[in-house]
Each structure stands twice: as structure tokens, then as C-alpha cells.
Amino acid sequence: MEALRAGGPQRIGDYWLAGRPGSGGQGVVYDADGSRVAVKVLHANGDRAIRDRFAREATAAGRVSSFCTARVLATDLEGSKPYLVSEYVPGPSLGAAVREGRRFGGDDLHRPATAVATALTAIHDAGSCTATSNRTTCCSHPTAHA
């Protein structure tokens, strides 16, 4: 996990930030200190259309069954730095597992494939876009969420 960057936020809402596990096109994901949660913060330069999309995604994510994806714990969609807080799901991403040499076959392949298909269906049914559901956001642990 990458350390917090100089000049970056130290706190978002009620959460003190401890590290920066990743970032993407929409925002930055932080690990919070003291509670194992993931905090996704929209990039500061997000225009109204991007903020609206983030709000729709966060609202839809809150409707997805928690057995399919990380449960949404808190949101602030109107503040100067819109954010979404979700439960932290430990373990390597599917992409990291493959890069580290893990190969899937038989039941070891069928379990995560079924979990991912179930999760994508639930996400779609909740009205959320699955553009961010990819090998870096899917967990490879057999009991973890997709």
C-alpha cells in the first residue's frame, strides 16, 4: 500500500486516513486508520456530471446485497470532496493473484467465476454500472466478495 501523499487529505469525514491502496479514473481509495474500511474519494476536479455519476453509483452500491460486494457504510455526496466508505475486504485482488502465479482450475475456478457472475448480476439489478468491476476490484479469496 502506498503512503499518504504530501498535501493530500489526512481525514475524510469521521475517518483518519492511513494509506493509499489505489486510484483510478474516478477517484482515490484510502485505507482508514483504526477501522478496516475503504474510503473512495472523488477526484477534486470532478465536474457536475462526474459528481452526479459518482452519487448514482454510490446510491446504487448501497442497494447491492452485502454477500455480493463490500457493504457501503457511509457516504457524503454533496461535500467539497464526495466520498463513499465501504467495508474493507482483505486479500489479494484477482489480478494480483494471477500476477503472483496463482492458476485457477476445476472447483478453484468455478467458485470465483460463480461469485463474480452473481455479484455482477446483483450490481446490475441495483442499477449500478460495473465499469469498475475488474481484476483489480475482484477478490480472489474463496469467501471474499467479488
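This passage describes the sheet, the helix packed on it and the salt bridges of a predicted model.

We may start with the sheet, which gives a handy frame for the rest. Six strands form an open sheet with antiparallel pairing, and reading across the sheet gives the order E1-E2-E3-E4-E6-E5. At its edges lie strand E1, spanning residues 11–12, and strand E5, spanning residues 72–76, each of which has a pairing partner on one side only. Helix H1 packs on this sheet, where it touches strand E4 (37–42), strand E5 and strand E6 (83–87). The direction of H1 makes about 155 degrees with that of E4. Strands in a sheet are held in pairs by backbone hydrogen bonds, in either a parallel or an antiparallel sense. One such pair here joins strand E2 (residues 15–23) to strand E3 (residues 27–32), antiparallel and with 4 bridges. Within this part of the sheet, Gly19 is found opposite Asp31 of E3.

Attention now turns to the charged side chains. Side chains that carry opposite charges can pair when their charged atoms come close. In this model the count of salt bridges is 3.

Helix H1, the element that packs on the sheet, also carries a salt bridge between Arg48 and Asp52, with an N to O distance of 3.1 Å. These two residues are 4 apart in H1 (residues 48–61), so about one helical turn separates them. Arg48 is partly exposed, as its relative accessibility is 47%, and Asp52 is also partly exposed, at 31%.

A further salt bridge links Glu57 and Arg53, here with an N to O distance of 4.0 Å. Glu57 and Arg53 are likewise 4 residues apart in helix H1, and therefore about one helical turn lies between them. As for their surroundings, Glu57 has a relative accessible area of 17% and is therefore buried, the cut-off being under 20%. Arg53, by contrast, is partly exposed, with a relative accessible area of 36%.

The remaining salt bridge to describe is formed by Arg102 and Asp108, whose closest N and O atoms are 2.9 Å apart. Arg102 counts as partly exposed at 28% relative accessibility, and Asp108 is partly exposed as well, with a relative accessible area of 32%.

Notes:
Residues numbered from 1 in each chain as written. Predicted model: local features only at pLDDT ≥ 70, side-chain atom pairs only at ≥ 80, totals over all residues. Heavy atoms only, no water. Salt bridge = Lys/Arg side-chain N within 4 Å of Asp/Glu carboxyl O. Buried < 20%, exposed > 50% of the residue type's maximum accessible area, 1.4 Å probe, protein only. Pairing = 2+ DSSP bridges. Contact = heavy atoms within 4.5 Å. Axes fitted to C-alpha atoms, helices over the stretch in contact; angles between N-to-C directions.
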